[in-house]
Amino acid sequence: MISVTQSSGFGGGEFYSGERRAKRHRSKDDVVINDMFASDDSDTDSEGGPIKKKGALLEKMGYKGGGLGKNAQGIVAPIQAKLRPKNMGMGFNHYKEAANVPTLQESVDEIKVPGIQQKEKPWLKKEYATAEEFFVKKQEQGLDVVQKVFDMRGPQFRLKNERETFVILHNEKEKLKDNAALEKKQLDTIEEMVSVMERLSLLGTLTLESLATSFVDLHTRFPNEYKIFSLATIASSFALPLFIREFQGWDPLQNPTHGLNVMSLWKDLLEEDEIFDSLFMEVVFPAVVRLSGTNTWQARDPEPLLRFLDSWEQLLPHSVLQTILDNIVMPKLASTVDSWDPRRETIPIHLWVHPWLPLLGPKLETLYHTILNRLESVLHAWHPSDMSAYYILSPWKTVFDPIRWEQIMVRYILPKLLVVMHEFEVNPVDQKLDQFYWVRTWASVIPIHHMLHIMDVFFNKWQEVLYQWLCSKPDFQEVRKWYLSWKDLIPSELLSNEHVRYRLNMGLNMMNQAAEGLEVIQPGLRGFEAQKAAAQVEKGCATEEMGGGGGGVDMSLKEVIEVHAQQNNLMFKPKVGRMKDGHQVYGFGKVSMIIDSLNQKVYAQIEDKWSLVTLEQLVKLEKSSVLRRHALSFKDFGFWS
């Protein structure tokens, strides 16, 4: 056994372990360092100034400046770390480290001694900030590269960190509580929906109405879950067997509205169009397809199928409607048109083709060529007394192309109507109107400029009879009734035409002349052709057709009017800058007029209205306003139209 006795030579008999020796050495070092950097502001020299103790301890140890060590070869300042550029190794590109190493004296001088004013160095300046100030500063400045030192050791930061942790944990707790409540609510909702569907599956007397009511209730109470879990698809699977049973044996032509209400209810319930379309295709469409296979529907009787389509218009998917039109209606119509014979048919073709125009539109044009060919084949032998041609053709006026329609009228209808009108007789004593009625019927479908040619044939005969009657000193009351009766017979489409009104007014002028005891002008060469011939004769340039011996030159309508103005001592000149419907306005004396050279017509402005006039009327209008005076006299007499 080894014992250690107390000895004064080893510190008064104390046992020193290695740990105590280290602690003792550290204590001595602390004393030395404290002596090196301590300062006492109370120490003063004889003059009352502070005693300079900077580096005193080093001087006592024999340090006189320069390098350290016996031969002064050691460095004074510690070796400083230098930050090289990124990815740069030793000696790369002859990179030079700083050569200036501070001396020990400089290092000592930089030690901050309390009580002694020193020059503050910016690189030694430190900024202190709390954590709260740091975060506020960062929010104001964004990302900043300034390096700062924060004092995070104080109790204020720890208390703030604890508060933030508490707030985060509290918010997380509330969030979890909300999520748990939401999930519980969703779970309750799902359980409720499952419970409802389980009850529905167990019911033995389920109907489409009660089933729809249950799903409508679910949709109202849980709209989001109804869509998320695709309850519309589940509802359709429940309803499909019931719908098949509901529409089994259904004939849409006999009972087009069957099941319409309940299907409307389910369309509102099945929000997804694809789901409803699928249900419709499986339930309703097969009944419609059977129409084609069984030949139940006939093209000549379109109403039953049209009633079905009208009834289901809001429910029919567009694809289903197009399938019905393309695969059922069009094939039946094409087949029936191919077998159509207008000579034997008792039902006009437009009655069973035109009802499909709103639905088929341009698709029907493929049938028009066949229809026209069949009509033209029978119009060769047609007579105007047969009104069936009008009843068959007239509905197609707004359907056929206007050019094609005019070609049909000009080729097949107009020539035969002109023959009838030439054969027609105007007889005030024993008037027969059948032929006039045949012609008048077509006034609504024949282009107006073609119809005027036919009416001119009539008016020529009418004016000739009127002239002969007025020359025989008639009873003007009878003439008046005769005139008014013919005016009533003229269709409104023609009566509104300016040329027809002009021809009627010519008759009124003749009646006015007779009523005033003047000579009635006999209708012969009428209109501008007669005036033109007269002017040519007076000028000595009549044509061969007028018996002038040939060699003459035809005058234009404008030249004829110029000659007529000279003969009546009237000024005829264009009014600069004035146009009417693309025609130059001329002054014939004080009357404004225009010349339609293409149609060989003259129009004069009478009381703010442009009216068709003859040259004779134009002269009278200028000199004495005869037309307006005659209008007043015949108005009193009852003859003015």
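## A salt bridge within one helix

Is D217 buried, partly exposed or exposed? In this predicted model, D217 has a relative accessible area of 36%, and because values between the cut-offs of 20% for buried and 50% for exposed fall in the middle class, D217 is partly exposed. Its partner R221, with a relative accessible area of 41%, is partly exposed as well.

The two residues form a salt bridge in which the closest N and O atoms are 3.3 Å apart. R221 and D217 are 4 residues apart in helix 6, which covers residues 208–221, so about one helical turn separates them.

## Salt bridges between separate parts of the chain

The structure holds 8 salt bridges, and some of them link parts of the chain that are separated in sequence, as the following pairs show. The side chains of E376 and R404 meet in a salt bridge with an N to O distance of 2.7 Å. Because E376 lies in helix 16 (residues 365–379) and R404 in helix 18, this pair ties together parts that are 28 residues apart in sequence. E376 is buried, with a relative accessible area of 13%, whereas R404 is partly exposed, with a relative accessible area of 29%. Elsewhere, D341, R343 and R344 are joined into one network by salt bridges that share partners.

A further salt bridge brings together the side chains of E345 and R300, at 2.9 Å from N to O. E345 sits in the loop between helix 13 and helix 14 (350–353), while R300 sits in the loop between helix 11 (285–294) and helix 12 (303–311), so that the pair links distant parts of the chain, 45 residues apart. E345 counts as partly exposed at 24% relative accessibility, and R300 is partly exposed with a relative accessible area of 33%.

## A buried threonine in helix 13

R300 also appears among the contacts of T336, which, leaving aside its neighbours within four places in sequence, touches A299, R300 and W352. T336 lies in helix 13, residues 318–338, and it counts as buried because its relative accessibility is 9%.

## Two packed helices

Helix 18 (residues 402–423) packs with helix 20 (residues 448–470) at an angle of about 5 degrees, and their axes are 10 Å apart. This angle makes helix 18 roughly parallel to helix 20.

The residues of this contact divide into 8 nonpolar, 4 polar and 3 charged. On the side of helix 18 they include V410, L414 and E423, and on the side of helix 20 they include H449, I454 and K461.

Key:
Residues are numbered from 1 along each chain as its sequence is written. This is a predicted model: local features need pLDDT of at least 70, side-chain atom pairs count only at pLDDT 80 or more; totals for chains, interfaces and linings use all residues. Side-chain values use heavy atoms; hydrogens and water are left out. Buried means under 20% relative accessible area, exposed over 50%, partly exposed in between (1.4 Å probe, protein chains only). Contact means heavy atoms within 4.5 Å. Axes are lines fitted to C-alpha atoms, for helices over the stretch in contact, and angles run from 0 to 180 degrees between N-to-C directions. Angles under 35 degrees count as roughly parallel, over 145 as roughly antiparallel, 65 to 115 as roughly perpendicular and the rest as oblique. Ala, Val, Leu, Ile, Met, Phe, Trp, Tyr, Cys and Pro count as nonpolar, Asp, Glu, Lys and Arg as charged, and the others, Gly among them, as polar. A salt bridge is a side-chain nitrogen of Lys or Arg within 4 Å of a carboxyl oxygen of Asp or Glu.
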